[in-house]
Amino acid sequence: MVENEAVVRPRSSIRLYGIIIVCLGACLGIAFLIHKALQEGDAKGLAGKAAAAHRPGVQMASDSLKREPDTLAQPLLARLQKSPDDPVLLAEIGKIYYQARQFHTAAEYYKNSVRVKPDTGTLVKLGGAHHFDGDDDAALGAWNRALQLDPTNADALFNIGFVQWQERGNRKEAIAAWQKLLRTNPNHPKRAQVEELLTQAKRHAEIPASGSD
């Protein structure tokens, strides 16, 4: 019996250690999956907003750009001291801060740019900066100003529709904007996406705006 017990105990210990290792491995695996899911969730959340205000040529930045927008903007800021009312310089500086996701700062430069010289593209980007900064009233104002300059501007119409429905719950305004986009831009590259959004908006009832009783 004693000899048998001596044999059984090491085997039990080995078995116990094996169970512990398997459990640790499972826990680490679960932790990794949770971390990955959270990362993907953050990315999807940003992608949802990016659909509203993203503009070709204004790509979101790498981590290095996020950390160093002031350094990257410095040469343009030096030139701006000599030409403080240069709308192109102001817009380019705004673009650097937009890419770095410093949307409030980006909006200030874009606002100064369109103050000097109203420009449809810059107004669309200004609206995007306001939207990502959490000010959809200002965003809609910028996009509507863009439409005053170009009543068929597809980016402004798309963004207005997106914010009116997704953020404000104003289905009718969204449908009107998207229908105008398709009517005035029949060959728009994102026509299928807009048509799908239109279909979804028409199927849903009005969504109560946040903060309403």
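## A walk through an all-helix chain

Among contacts between residues at least 6 apart in sequence, 53% join residues at least 24 apart in this protein chain. Keep in mind as we go that this is a predicted model. The chain holds 10 helices and zero strands, so reading from the N terminus you simply pass α-α-α-α-α-α-α-α-α-α. Of its 213 residues, 35% count as buried. The surface that the chain exposes comes to about 13000 Å², with carbon and sulfur atoms supplying 56% of that area.

Let's turn to the interior. In soluble globular proteins, nonpolar side chains tend to be buried together. Here, the largest nonpolar core has 46 residues, and the members that touch the most others are Ile93, Trp143 and Trp178. Two or more residues of this core come from each of α3 (69-82), α4 (87-99), α5 (103-116), α6 (120-132), α7 (136-149), α8 (154-167), α9 (171-184) and α10 (191-203). The most generous contributor is α8, which gives eight residues.

Now take a closer look at one helix pair, α5 and α6. Their axes are 8 Å apart, and the two pack at an angle of about 155 degrees. Because angles over 145 degrees count as roughly antiparallel, α5 is roughly antiparallel to α6. The crossing of these two helices is left-handed. On the α5 side, the residues that meet the partner are Phe103, Ala106, Ala107, Tyr110, Lys111, Ser113 and Val114, while α6 brings Thr122, Leu123, Lys125, Leu126, Ala129, His130 and Phe132.

One residue of that set deserves a stop of its own: threonine 122, in helix α6. Is threonine 122 buried or exposed? Its relative accessible area is 8%, and residues under 20% count as buried, so threonine 122 is buried. Leaving aside residues up to four places away in sequence, threonine 122 touches Tyr110, Ser113 and Val114, as well as Ala91. Tyr110, Ser113 and Val114 are among the α5 residues that meet α6, whereas Ala91 falls within the span of α4 (87-99).

For another threonine, move along to the loop between α7 and α8, where threonine 152 sits. With a relative accessible area of 33%, threonine 152 is partly exposed. What does threonine 152 touch, not counting residues up to four places away in sequence? The list is Leu157, Thr184 and Asn185. Threonine 152 also lies 9.6 Å from leucine 182, C-alpha to C-alpha, although 30 residues separate the two in sequence.

Technical notes
Residues numbered from 1 in each chain as written. Predicted model: local features only at pLDDT ≥ 70, side-chain atom pairs only at ≥ 80, totals over all residues. Heavy atoms only, no water. Helix = DSSP H or I, 4+ residues; strand = E, 2+ residues; numbered from the N terminus. Buried < 20%, exposed > 50% of the residue type's maximum accessible area, 1.4 Å probe, protein only. Contact = heavy atoms within 4.5 Å. Areas by Shrake-Rupley, 256 points an atom, 1.4 Å probe, with all protein chains shown as cover. Core = buried A, V, L, I, M, F, W, Y, C linked by side-chain atoms within 4.5 Å. Axes fitted to C-alpha atoms, helices over the stretch in contact; angles between N-to-C directions. Parallel < 35°, antiparallel > 145°, perpendicular 65-115°, else oblique. Left-handed = near helix turned anticlockwise from the far one by under 90°.
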